[in-house]
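Reader: I would like a close look at one part of this model, the small antiparallel sheet, and then at the side-chain contacts that go with it. Please keep to what can be computed from the atoms.

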Amino acid sequence: MNRLMNLAAVAELIGSGAFLSLAGPESALDTLPRGNWIAGTIPYFMDIAGGVVSDEGQVFVTPLPASGTATLAHYGADQLKSIVGNGPDNGFTVAIVPAGSAAHKTFAAEAVNDADAFLRPTVGWVSGVHLSDLGKVTPKVYLGTTGQKFEDGVVVAHVALPDRQLASIEIVNIFEPGDGDTLRFTETSFEVGDCLVNGEQTNLAAYVKAKGLDHGQLPLVGDFGGAHINASIQSVDGAAGKVVLYAPVFTGVDYHFAKPVADYGASFRERLAGYRTDGVQFSCNCILNFLFGGLEGQKIGELYGPVTFGEIGYQLLNQTLVVLRID
């Protein structure tokens, strides 16, 4: 059912008692009745017709599997270690966190260090707002069982699956590390002043501007034991000598700026050609892919879901497409 639905249809589905993960504009989510759902604010989606911007009157619906047993909750920014700890031994957790919140920053910095993260998979996304509302409206998350909405913390659905089923997370990243300089960082942070470029201390903002990378279209790609994890540029302040990122960089990791991608849409369609969609429970794509790739109105495959301010696939990700599959 992963698709956009009108509010009357969503309310009827909630009334049936179904467990749901929802995404939509705040004006739409505010109208929904209490029930077994969690949600986050966003007006951007990949739907069956392609990329869509929907400001009101529609909500994207992702049903949680009827074969599972779901528990819904809200965790404060000081309770995030409990997300994985309270996850089922066999199953998964869907998590939604508001962009820019304390919980967003804490989860981004700490999730990668949780020893159980890969045993109890967490998937999800970072809620946002229409880009014209940046700095004017705060992203929200909702706990449908109580009807509350929050500007901080994480709403989750812990879903226990029967032993015959197994949940797995797949990450589609069209970026590869380039062959240029190696960058390393001396602290885990969303904001960077100086870093090490090929072992030499360098101001990152000056480096990015000199290399013509301040457009932000190419992320830093970190090598996490062979897994490529992106950290995307949000802003470059040359006067302050500071670069702000959408995800933190970590110490002890080699980073390279990504190789250029000539055509986002074509790159995604190539990667998703023949992609097995049976068993797909959830997916989300990044707002940066949506914008830089001009994905509004484009079909890139048969994976549908919210277009987000960050993706969660065990840890916080940028400029990726994340998929949860149940086999």
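Author: What follows takes the sheet, then the salt bridges, the aromatic pairs and the cysteines.

The model is a predicted one. In it, 3 strands form an open sheet in the order S15-S21-S20, with antiparallel pairing. The edge strands are S15 (189-192) and S20, each of which pairs on one side only. From one strand to the next the twist averages 20°. Strands of a sheet pair through backbone hydrogen bonds, either parallel or antiparallel.

Consider the pairing of S20 with S21. Strand S20 covers residues 233-237 and strand S21 covers residues 242-249, and the two pair in the antiparallel sense over 4 bridges. Two positions show the register: Val-236 stands opposite Val-243 in S21, and Ser-235 has Val-244 in S21 as its bridge partner. The two strands form a hairpin with 4 residues between them. In the turn, Gly-241 has a positive phi of about 65°.

On the other side of the sheet order, S15 and S21 also carry a side-chain contact. Glu-191 forms a salt bridge with Lys-242, with the closest N and O atoms 3.7 Å apart. This pair links distant parts of the chain, since Glu-191 is in strand S15 and Lys-242 in strand S21, 51 residues apart. Glu-191 counts as partly exposed, at 43% relative accessibility. Lys-242 is also partly exposed, at 32% relative accessibility. Side chains of opposite charge can pair when their charged atoms come close.

Beyond the sheet, a search of the whole structure finds 12 salt bridges. One of them joins the side chains of Glu-26 and Lys-140, at 3.3 Å from N to O. Glu-26 lies in helix H2 (residues 26-29), and Lys-140 in the loop between strand S9 (122-127) and strand S10 (141-143), so this pair ties together parts that are 114 residues apart in sequence. Glu-26 is partly exposed at 22% relative accessibility, whereas Lys-140 is buried at 8%.

Another salt bridge brings together the side chains of Arg-325 and Glu-170, at 2.7 Å from N to O. Because Arg-325 lies in strand S27 (residues 321-326) and Glu-170 in strand S13 (residues 167-172), the pair ties together parts that are 155 residues apart in sequence. Arg-325 counts as buried, at 2% relative accessibility. Its partner Glu-170 counts as partly exposed, at 22%.

The aromatic side chains come next. Over the whole structure the search finds 8 aromatic pairs. Ring pairs link Phe-185, Phe-224, Phe-250 and Tyr-255 into a cluster.

Last, the cysteines. The structure holds 0 disulfides. Take Cys-284: the closest cysteine sulfur to its own is in Cys-286, 8.7 Å away, which is too far for a bond. A disulfide would need the two sulfur atoms within 2.5 Å. Cys-284 is buried, at 1% relative accessibility. Cys-195 is buried as well, with a relative accessible area of 1%.

To return to the part asked about: the sheet order is S15-S21-S20, the hairpin joins S20 and S21, and the salt bridge between Glu-191 and Lys-242 links S15 with S21.

Key:
Residues numbered from 1 in each chain as written. Predicted model: local features only at pLDDT ≥ 70, side-chain atom pairs only at ≥ 80, totals over all residues. Heavy atoms only, no water. Buried < 20%, exposed > 50% of the residue type's maximum accessible area, 1.4 Å probe, protein only. Pairing = 2+ DSSP bridges. Axes fitted to C-alpha atoms, helices over the stretch in contact; angles between N-to-C directions. Phe/Tyr/Trp six-rings, centres within 6.5 Å; stacked < 30°, edge-to-face > 60°. Salt bridge = Lys/Arg side-chain N within 4 Å of Asp/Glu carboxyl O.
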